[in-house]
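Colleague: Hey, got a minute? I'd like to go through this structure with you, and please explain the terms as we go.

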Amino acid sequence: MNPDPDKTRTANRYETGDLPAIEEHDLPQGRHQFHKERLMSQIHDDRLAAAEARTRRNPFLRKVILLPAATALAGALAVGVLVLTPGGSGDPVERATGPALTTTIGVADAKGAPRLLDRISLAAVEAEAPNGRAGQYIYIETRSANTYVQTVDGESSLVSDPLHTRQSWRSPDGLKGWLIEPGNTGPEGLTLEGRDEQGNVPKPHLGAPSHDYLATLPTDPDALLRKIYKETEGQGRGKDQQAFTTIGDLLGESWPTPKLTAALYRAAAKIPGVVMVDSATDAAGRKGVAVARLDETSGARTEWIFDSKTFTFLGERTVQVEGNGGEGGLIKPGTVVYTHAIMVRAFVDDIKVVP
């Protein structure tokens with residue numbers, strides 16, 4: 001079942017299909033009082049925390065550095081460019097049902113996780129390294145949506161943000177960048193440059209890594225996991241859940257080297273409570289198999305979704321699987337609290353340049 005390396009070396013740019021029209025909104029008041037990207041991410045995480053269905057993540061990490069299969073070459077790699085294709089062949093794409101994104105809950109298997117992660121790590125190490133030239137930017141394009149409880153005039157209801165495309169450009173050192181995201185920025189986007197709320201130049205770390213910072217991380221799985229446990233101590237809902245969350249962020253919101261990616265998968269295999277899920281669908285409608293962990297506090301399960309044939313990482317979602325979450329228990333089992341699909345990762349020559 002190992003992927004054919006020859007099939008993961010070349011790829012064409014596929015059409016990503018039509019999406020529902022996205023209504024642009026002005027930035028709400030207060031979005032600019034902190035470093036722009038930090039605050040937008042904080043607001044996003046606040047919604048998830050209010051839903052009690054997702055471990056809180058570092059506000060600066062979420063998509064600061066990087067952005068938002070029915071075909072035989074889904075997830076294939078070209079040198080310096082990763083392009084993933086949306087679902088096709090008539091397969092139904094999971095979309096909003098009523099006010100919330102809903103899904104069929106996959107079956108979890110604790111015994112299958114180590115074997116699956118071993119296969120995934122072997123596939124990862126065969127991928128082309130993300131190499132760019134001096135002066136280039138890392139471009140990442142994703143699709144995402146989330147569901148949360150909204151209270152207006154004392155009345156609470158479950159709502160879902162529209163599925164939207166997010167584009168981010170970031171210099172390898174993390175000091176320069178640009179973001180375009182409907183609902184969070186204007187049509188032209190906004191700069192990611194600048195100092196943090198204390199007036200300091202942001203220093204890369206596990207919770208907010210730059211591409212250059214990733215190159216400094218250990219690629220021994222045991223050493224890597226020790227570092228993650230140490231530097232995330234006291235964060236989230238327990239050390240194991242936070243370690244799983246941190247690894248997921250590094251996989252989905254940055255572009256690690258193949259060797260580091262493989263080490264992250266092998267480190268994840270050592271975290272208690274990690275399971276295999278037989279079926280999951282990402283934000284682009286691509287179906288696959290998942291590696292997941294249940295947050296026992298909220299009853300929500302975070303799933304990393306992989307192509308079941310090539311083991312390419314497609315994206316991530318968080319699904320309510322046990323009990324009712326959110327204010328008033330409005331988040332029922334089967335609700336997709338958050339969904340995120342990676343569409344393109346590439347080096348480009350300048351900000352706003354698309355591969």
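Modeller: Sure, one term to begin with: buried means under 20% relative accessible area, exposed means over 50%, and partly exposed is in between, using a 1.4 Å probe and protein chains only. Also, this is a predicted model, where local features need pLDDT of at least 70, side-chain atom pairs count only at pLDDT 80 or more, and totals for chains, interfaces and linings use all residues. Residues are numbered from 1 along each chain as its sequence is written, and side-chain values use heavy atoms, with hydrogens and water left out.

Colleague: Okay, helix α4. Which residues are exposed there?

Modeller: R226 and K230 are exposed, on the other side of α4 from its buried residues. By the way, helices (H or I, at least four residues) and strands (E, at least two) are DSSP runs, numbered from the N terminus.

Colleague: And which residues of α4 are buried?

Modeller: P221, L224, L225 and I228, in a helix that covers residues 221–231. They sit on the same side of α4 because they cover an arc of only 95° around the axis, taking the directions from the helix axis to the C-beta atoms.

Colleague: Is there a general reason for that kind of pattern, or why would residues point the same way?

Modeller: An α-helix has 3.6 residues a turn, so residues three or four places apart point the same way.

Colleague: What do the buried residues of α4 pack against?

Modeller: Against α5 (239–252) and α6 (258–268). Contact here means heavy atoms within 4.5 Å.

Colleague: Let's move to I271. Where is it, and is it buried or exposed?

Modeller: I271 is in the loop between α6 and β11 (274–281). With a relative accessible area of 3%, I271 is buried. Leaving out residues up to four places away in sequence, I271 touches several residues, including L225, Y229, D240 and F244. I271 and D240 are 31 residues apart in sequence, yet 6.2 Å apart in space, C-alpha to C-alpha.

Colleague: What about K270? Which side chain does it meet?

Modeller: The side chain of D222, in a salt bridge at 3.4 Å, N to O. A salt bridge is a side-chain nitrogen of Lys or Arg within 4 Å of a carboxyl oxygen of Asp or Glu. D222 lies in helix α4 and K270 in the loop between α6 and β11, so the pair ties together parts that are 48 residues apart in sequence. D222 is partly exposed at 37% relative accessibility, and K270 is partly exposed too, at 44%.

Colleague: How many salt bridges does the structure hold?

Modeller: It holds 10. Another one of them joins the side chains of R317 and E303, at 2.7 Å, N to O. R317 counts as buried at 1% relative accessibility, and E303 counts as buried at 0%. R301, E303 and R317 are linked in a network of salt bridges.

Colleague: New topic: how many aromatic pairs are there?

Modeller: Five. Rings of Phe, Tyr and Trp (its six-membered ring) pair if their centres lie within 6.5 Å; planes under 30 degrees apart count as stacked, over 60 as edge-to-face and the rest as tilted. Y139 and W169 make a tilted pair, 5.1 Å centre to centre with 45° between the planes. Y139 is in strand β6 (residues 137–152) and W169 in strand β8 (residues 164–170), 30 residues apart.

Colleague: And F244 with W304, how are they arranged?

Modeller: F244 and W304 are stacked, 4.1 Å centre to centre with 0° between the planes. Both F244 and W304 are buried.
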